[in-house]
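Could you walk me through this structure in my viewer, one selection at a time? I would like to know what to pick next and what is there.

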Amino acid sequence: MVADALQRRSARALGCLLMLCLAGLPTSGSIASSSSIPPQQNAVSVATGKTDPEALLIEIYKDLGANRLRDAQSKADALVAAYPTFRLGHLVQGDLLMMHARPVRAFGAMPDAPQEKLKELREEATVRLRSLQEKPDPMLIPKAVLQVGEDQKNVFVVDTSRSRMYVYENQAGELKYQTDYYISQGRFGANKSKEGDQRTPIGVYYVNNRIPGPKLPDFYGTGALPLSYPNEWDKRNGRSGYGIWLHGTPSDNFSRPPLSSDGCVVLANPDLQNVYATAEVGKTVVVISQHVQFVDKGEWNRQREEASSMLDQWQQSLEGADNDKMLSYYSRDFRSPLGESLPTWFARQQKSLNGARFTSVKLRDVSLFRYPGPDDMIVGTFTQESAVGKSKNAVRKRQYWVREGSQWKIIYEGNA
């Protein structure tokens, strides 16, 4: 009886500690409830029949908070049996087993274990819990995604502050939330600026390759999706480095700590496989932000229409014969891919036309993204189909628009 009471008190103490971490509260002088955690998806996926490790982990936390020690122990055993390399699962299981011998009042109460490793596992547990507490309403839409092209099946949105990646599907122009995954990022956080700084870049990137697991060292897991870092804006701002990928984990480790990569976005191998299966080279966009903002459909439509109107007006100006009107859409700070100023670049464009005028200009497969970061900027990518007399041409373009006062201006334009 005494042993049972000891276990219950120990479980309650550990459960409270976990809940307080979730709530971001101090770990003394307060009591948190298992109701702090929102309802979760089923621990066993109906579609695959497989155990969802994160959902099961959250159920264990809830059981601890509610003093259901036997239920927590049973689920912890099932978790490590299904995912033997999930170190966070082993840590929770170890705490539960230790409760049979002595009180456990700290998460990861293993005095002989490497303290840095325990710290990393505690950080992973806290990040997973908090990301679930802050889980966005699936009816809301990421503010950064204004419009996806007809040829784009999905978009991945990474929130480095939550160590989370959200997956949205393009359903006839409407964004629909599909799922989200825990991710690891650079050892020193986000906002990459130079090679070797071990930070994850902030920006709008495209998947530009697919590398299957058998062609990679085990360190990268079951596959990799290289990203288009540095993009045009990175290069303009002098950001250096290369080799930023979405990739998996080594076979001996289910997941990595939140801050642990050299700058890549790292997912558990089962999650990476899901992402890898749907990503398309040159089409799938990965938006990486330090803090993703979500808006309702009404606000999203308003902002999308504003951005679309901005691009439509520019397209219509190409069909006109007024150079001054066309130039009014460009910023004085404009630079071409070759570093040319606006007058130099525009003169070269006009020279290539040899005095001819566009008889028609059409834009298709348009995507518009609000660029993450402090600047009010939109990046648009599209195929421009132009006719000059009987001659027709199609080119894939990318533009960066910045807000200058009350107007949007093009600060960069080049082939995509």
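Start by selecting helix α8, residues 297–318, which lies across β2, β15 (360–370), β16 (377–388), β17 and β18. Relative to β15, α8 runs at about 145°. Keep in mind as you go that this is a predicted model.

Now show the strands beneath that selection as a cartoon. β2, β15, β16, β17 and β18 form, in that order, an open sheet of five strands with antiparallel pairing. At its edges you will find β2 (145–147) and β18 (407–415), each of which pairs on one side only. Averaged over neighbouring strands and ignoring direction, the turn between them is 25°.

Zoom in on β17, residues 391–404, and its partner β18: they run antiparallel and are joined by eight bridges. To see one pair, pick Arg398, whose bridge partner in β18 is Gly414.

Next, move to the helices earlier in the chain. Select α2 (residues 53–65) together with α4 (residues 87–98); their axes come within 11 Å and cross at roughly 25°. Angles under 35 degrees count as roughly parallel, and α2 and α4 are therefore roughly parallel to each other. Their crossing is left-handed. Show side chains for Leu57, Ile60, Tyr61 and Leu64 of α2, and for Leu88, Val92 and Leu96 of α4, which make the contact. Colour them by residue class and you will get seven nonpolar, no polar and no charged.

Keep α4 on screen and add α5, residues 115–133. Here the axes are 10 Å apart and the packing angle is about 100°, which makes α4 roughly perpendicular to α5. On the α4 side the contact uses Arg87, Leu88 and Leu91, while α5 brings Leu118, Leu121, Glu124, Ala125 and Arg128. By class, this contact has five nonpolar, no polar and three charged residues. Leu88 is worth a label, as it takes part in the contact with α2 and in the one with α5.

Three backbone stops finish the tour. Most residues other than glycine have a negative phi, and most peptide bonds are trans.

- **Asn67:** look in the loop between α2 and α3 (69–82). Its phi is positive, near 70°, and at 31% relative accessibility Asn67 counts as partly exposed.
- **Asn191:** go to the loop between β6 (185–186) and β7 (203–206). Phi is again positive, about 70°, and Asn191 is partly exposed with a relative accessible area of 43%.
- **Tyr229 and Pro230:** a cis peptide bond joins them, with omega about -5°. Pro230 sits in the loop between β9 (223–226) and α6 (232–236).

Key: Residues are numbered from 1 along each chain as its sequence is written. This is a predicted model: local features need pLDDT of at least 70, side-chain atom pairs count only at pLDDT 80 or more; totals for chains, interfaces and linings use all residues. Side-chain values use heavy atoms; hydrogens and water are left out. Axes are lines fitted to C-alpha atoms, for helices over the stretch in contact, and angles run from 0 to 180 degrees between N-to-C directions. Helices (H or I, at least four residues) and strands (E, at least two) are DSSP runs, numbered from the N terminus. Angles under 35 degrees count as roughly parallel, over 145 as roughly antiparallel, 65 to 115 as roughly perpendicular and the rest as oblique. A crossing is left-handed if the near helix is turned anticlockwise from the far one by less than a right angle, and right-handed if clockwise. Contact means heavy atoms within 4.5 Å. Ala, Val, Leu, Ile, Met, Phe, Trp, Tyr, Cys and Pro count as nonpolar, Asp, Glu, Lys and Arg as charged, and the others, Gly among them, as polar. Two strands pair if DSSP finds at least two bridges between them. Buried means under 20% relative accessible area, exposed over 50%, partly exposed in between (1.4 Å probe, protein chains only).
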